[in-house]
Amino acid sequence: MTQVPWECQRDSNCGVALNGKMLSFMLKNKEKYELVLNKTLNKAQVYARMSPEDKANLVELLQDTMKVQIGMCGDGANDCCALKQADVGISLSEAEASIAAPFTSKVQDISCVITLLREGRAALTTTFQAFKFIEIYSMIQFFTVTLLYLNSNDL
């Protein structure tokens with residue numbers, strides 16, 4: 001059984017950083033380091049120095065192993081694969097990444113995430129309200145047609 005370094009400490013309230021080389025190494029030897037990879041993904045707070053393939057693999061791993069929704073912010077062509085793979089992809093530039101990402105911000109910082117979440121919740125609420133309206137309209141239509149058929153049979 002492989003132990004990770006932060007389990008050996010009494011105070012395991014520490015952060016873990018994962019770079020692209022280490023992620024690639026653990027993915028190539030996944031059967032040997034699967035437990036360490038899962039523990040690292042649960043504990044990691046910083047992901048750095050990754051190739052475009054590593055970024056896409058990381059997003060896919062987080063979605064599959066941790067069953068979480070992933071938001072990815074990127075500003076260049078090297079982020080395109082991860083932006084497409086993520087549940088919510090935000091391009092922080094008007095360059096190549098804006099083509100791949102579902103959302104693009106003209107401001108090059110992450111302040112747009114709050115606006116995106118607000119707009120997403122508003123769109124979801126609007127969709128539910130529209131569904132309720134269509135549902136009640138269909139029920140009214142059904143009962144009206146049923147009453148018309150019952151009344152016409154009585155004549």
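How are H1 and H3 oriented to each other? In this predicted model, the two helices are oblique to each other, and the sections below set out the packing behind that description before turning to the core, the charged pair and the loops.

## Packing of H1 against H3

Two packed helices are described by the angle between their axes and the distance between the axes. For H1 and H3 the angle is about 60°, and the axes are 10 Å apart; because 65 to 115 degrees is the range that counts as roughly perpendicular, this pair is classed as oblique instead. The crossing of H1 and H3 is left-handed, and the contact involves Gly20, Leu23, Ser24 and Leu27 on the H1 side, with Asp54, Asn57, Leu58 and Leu61 on the H3 side.

## Packing of H2 against H3

H3 also packs against H2, where the axes come within 11 Å and cross at roughly 85°, which makes H2 roughly perpendicular to H3. In this second pairing, Lys30, Leu37, Asn38, Leu41 and Asn42 of H2 meet Leu58, Leu61, Leu62, Thr65 and Met66 of H3. Leu58 and Leu61 thus appear among the H3 residues that meet H2, and they are also listed among the H3 residues in the contact with H1.

## The largest nonpolar core

The largest nonpolar core has 20 residues, of which Leu23, Leu37, Leu41 and Leu58 touch the most other members. Helix H1 (20–28), helix H2 (30–43), helix H3 (52–66), helix H4 (80–85) and helix H5 (97–100) each supply at least two residues of this core, and the largest share, 4 residues, comes from H3.

Leu23 links this core to the helix packing described above, since it is one of the H1 residues in the contact with H3. When residues up to four places away in sequence are not counted, Leu23 touches Leu18, Leu37, Met50, Asp54, Leu58 and Leu61; Leu37 and Leu58, both in that list, are themselves among the core residues that touch the most other members.

## A buried charged pair

Side chains of opposite charge can pair when their charged atoms come close. The structure holds 1 salt bridge, formed by Asp79 with Lys55, and the closest N and O atoms of the pair are 2.5 Å apart. Asp79 lies in the loop between strand E3 (71–74) and H4, whereas Lys55 is in helix H3, so the pair ties together parts that are 24 residues apart in sequence. Both partners are placed away from the solvent in the sense of relative accessible area, as Asp79 is buried and so is Lys55.

## Loops on either side of H3

Most residues other than glycine have a negative phi, and most peptide bonds are trans. Arg49, in the loop between strand E2 (44–48) and H3, has a positive phi near 50°, and with 79% relative accessibility Arg49 counts as exposed. Lys67, in the loop between H3 and E3, likewise has a positive phi, near 55°, and at 67% relative accessibility Lys67 counts as exposed.

Val68 is also found in the loop between H3 and E3, but with a relative accessible area of 31% Val68 is partly exposed. Leaving aside neighbours within four places in sequence, Val68 is in contact with Leu62, Gln63 and Asp87. The last of these, Asp87, is 19 residues from Val68 along the chain, and the C-alpha atoms of the two are separated by 9.4 Å.

Conventions:
Residues numbered from 1 in each chain as written. Predicted model: local features only at pLDDT ≥ 70, side-chain atom pairs only at ≥ 80, totals over all residues. Heavy atoms only, no water. Core = buried A, V, L, I, M, F, W, Y, C linked by side-chain atoms within 4.5 Å. Buried < 20%, exposed > 50% of the residue type's maximum accessible area, 1.4 Å probe, protein only. Contact = heavy atoms within 4.5 Å. Salt bridge = Lys/Arg side-chain N within 4 Å of Asp/Glu carboxyl O. Axes fitted to C-alpha atoms, helices over the stretch in contact; angles between N-to-C directions. Parallel < 35°, antiparallel > 145°, perpendicular 65-115°, else oblique. Left-handed = near helix turned anticlockwise from the far one by under 90°.
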